[in-house]
Amino acid sequence: MKLIFDKSVPGRCGVMPAKSDVPTSVNLKPELLRNQDAQFPELSELDVVRHFTDLSNKNFGVDTNFYPLGSCTMKYNPKVSELIASDTGFANLHPLLPQLRGGGMLTQGALQVIYETDMQLREITGMAGFTMQPMAGAHGELTGIMIIAAYHRANGNKKTTILVPDTAHGTNPASAAIAGYSVKTVPSNKDGVMDFDALQEMMDDEVAGLMLTCPNTLGLFNPEIKRICDLIHSVDGLVYYDGANLNAVMGKVRPGDIGFDIVHLNLHKTFATPHGGGGPGAGPVGVDEKLLGFLPVSLVVKRDDGTFALEYNREKSIGYIAPFYGNFAIVLRAYAYILMLGKEGCLRVSENAVLNANYIKERLKGHYDLPYRQVCKHECVFSAGNLLTKYGISALDIAKGLIDAGFHPPTMYFPMTVREALMVEPTETESKETLDKFCDAMIDLTEIAKNNPEQLKAAPISTPVGRLDEATAARKPNISYNCPLCG
Ligand SMILES: *Cc1c(COP(=O)(O)O)cnc(C)c1O
């Protein structure tokens, strides 16, 4: 693939700027002046347009193809949410607008959006209050764990341990460790969910809390969830619900009703805001009544006269985790999405997410190993272990083959409890036709694995770069470019 500099032809021209009608130099210091012309590529307008159009076509995203990346909910982002977020009344707001703390009228609309999103999320989760500030799911987790620590400190509890099952999202143990806790892993049982007896054996007064990814990364909802909450509470521990993928249960169960103390949601997964490339995101954290005082500042409050304000005075608050409004434009998109869906729509989201995942599970289970066969929630996990044993074809080879078939690969090699794992999450917004095309491609790949494994080992052949040596690419990246113009 050529860079635009490689395509430069001396003397070729794309635009003809008008002759300057102002003096060409003011009194700049000599050291500020160029001693040679700026080195721009020289191309015609068509060369430039075609170059960038070609690049844009190399992009892969939910706007171009199916993207079944498990535990990530790469779903569509309604264009109407984008439209609302780009409204200049919101988009041009500056966090330092005057009298912010006094509730300047210029920011009332934004504050109202945050306040009402808080109310919507309370209704959806059954929690008593939210902070909208965390800027990612993992940031929400860290906030939640800091609240757990603050709660125990306030109660004079010296607790050192956070329990995390082996099917948790990888950020869970990382967040607990960063917050200073020692992390103990709770094993799963034969059904793929956290083993209650093992949990019981690990319980002691050191347990500050349990972080539960719900459903877990196998897409399974733990049927003993109520007992689990009660058990943790019996040692004055707190239970944390990782609700990044709330689209699995939204409108069906509420973490607050089950007994969870803390919840985080990923607006950039469940609530239709763009996702990928590292952000931006929003991971609001909800807490129950007894933890409200620990929420980070600032919080949006509604005053008696109906106006809104940012409140900073919370005695027990864990303090700042992000400035001002958090990722406001992300919250705004989610707000629009929730209003658009309404109660019925929220329910349909999770019903379709579960239906789609189970459809894929049923269509592919004769072709790939399916270690846990019960009804799943928003995602299902296959194993390519049978293909590896029989034909030497791994989950990685299947993923690369999918790229040539026009699909983004599923999440791979996670959770670690499944050998050669392929974690597929179709999301709720995909049609049966799309799911069928994906399943057909997955089945075709098993045929190729059997009849022509070399073809799969060579995949992908349809992309600008083929199969990389990923370890070398990560450890010794070659990211320098020798510009032909600059030498
Ligand atoms: C994505 C995800 C996270 C982390 O969210 P980020 O925004 O990527 O930090 C945490 N838990 C679960 C279950 C997730 O799917």
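Here is a friendly conversation about how the labels on this predicted model are earned.

Visitor: What should I keep in mind about the model before we start?

Guide: This is a predicted model, where local features need pLDDT of at least 70 and side-chain atom pairs count only at pLDDT 80 or more, while totals for chains, interfaces and linings use all residues. Residues are numbered from 1 along each chain as its sequence is written, and side-chain values use heavy atoms, leaving out hydrogens and water.

Visitor: How many helices and strands does the chain have, and what makes a run count as one?

Guide: The chain has 16 helices and twelve strands. The runs come from DSSP: a helix is H or I over at least four residues, a strand is E over at least two, and numbering starts at the N terminus. The C-alpha trace spans about 80 × 70 × 40 Å along its principal axes.

Visitor: Why is cysteine 380 called buried?

Guide: Buried means under 20% relative accessible area, exposed means over 50%, and partly exposed is in between, with a 1.4 Å probe and protein chains only. Cysteine 380 has a relative accessible area of 1%, so it is buried. Cysteine 439, at 0%, counts as buried too. In the chain, 48% of the 487 residues are buried.

Visitor: What makes aspartate 21 exposed and aspartate 236 partly exposed?

Guide: Aspartate 21 has 74% relative accessibility, which is over 50%, so it counts as exposed. Aspartate 236 has 29%, in between the two cut-offs, and is therefore partly exposed. Aspartate 21 is found in the segment before α1 (45-57), and its C-alpha atom is separated by 65 Å from that of glycine 251, 230 residues along the chain.

Visitor: How do you know how many disulfides there are?

Guide: A disulfide is a pair of cysteine sulfur atoms within 2.5 Å, and a search of the whole structure finds zero. For cysteine 380, the closest cysteine sulfur is in cysteine 376, 4.9 Å away, so that pair is too far for a bond. For cysteine 439, the closest is the sulfur of cysteine 380 at 8.6 Å, which is also too far for a bond.

Visitor: What makes a set of residues a nonpolar core?

Guide: The members are buried Ala, Val, Leu, Ile, Met, Phe, Trp, Tyr and Cys residues joined through side-chain atoms within 4.5 Å. In soluble globular proteins, nonpolar side chains tend to be buried together. Here the largest core has 58 residues, and Leu121, Leu199, Leu210, Phe260 and Phe271 touch the most other members. Elements giving two or more residues to this core include α4 (108-125), β4 (207-213) and α11 (328-364). The largest share, ten residues, comes from α11. A second, separate core of 35 residues includes Phe66, Ile393, Ala395 and Leu435.

Visitor: What does phenylalanine 260 touch, and what counts as touching?

Guide: A contact means heavy atoms within 4.5 Å. Leaving aside residues up to four places away in sequence, phenylalanine 260 touches Met127, Leu212 and Val239, among others.

Visitor: Why is an empty space called a cavity, and how many are there?

Guide: On a 1 Å grid over the protein atoms alone, a cavity is a set of points where a 1.4 Å probe fits but cannot get out, and lining residues have an atom within 4 Å of a point. Points are joined across faces, edges and corners, and the volume is the space filled by probe spheres set on them. The structure holds two cavities of 30 Å³ or more. The largest has about 90 Å³ of space and the second largest has about 60 Å³.

Visitor: What makes a lining residue nonpolar, polar or charged?

Guide: Ala, Val, Leu, Ile, Met, Phe, Trp, Tyr, Cys and Pro count as nonpolar, Asp, Glu, Lys and Arg as charged, and the others, Gly among them, as polar. The largest cavity is lined by 13 residues, with Leu212 and Asn216 among those nearest its centre; nine are nonpolar, four polar and none charged. The second largest cavity has seven nonpolar, no polar and two charged lining residues. Its lining includes Lys361 and Glu379, which count as charged because Lys and Glu are in that class.

Key
On a 1 Å grid over the protein atoms alone, a cavity is a set of points where a 1.4 Å probe fits but cannot get out, and a pocket is an open set with protein on both sides within 12 Å along at least five of seven lines; lining residues have an atom within 4 Å of a point.
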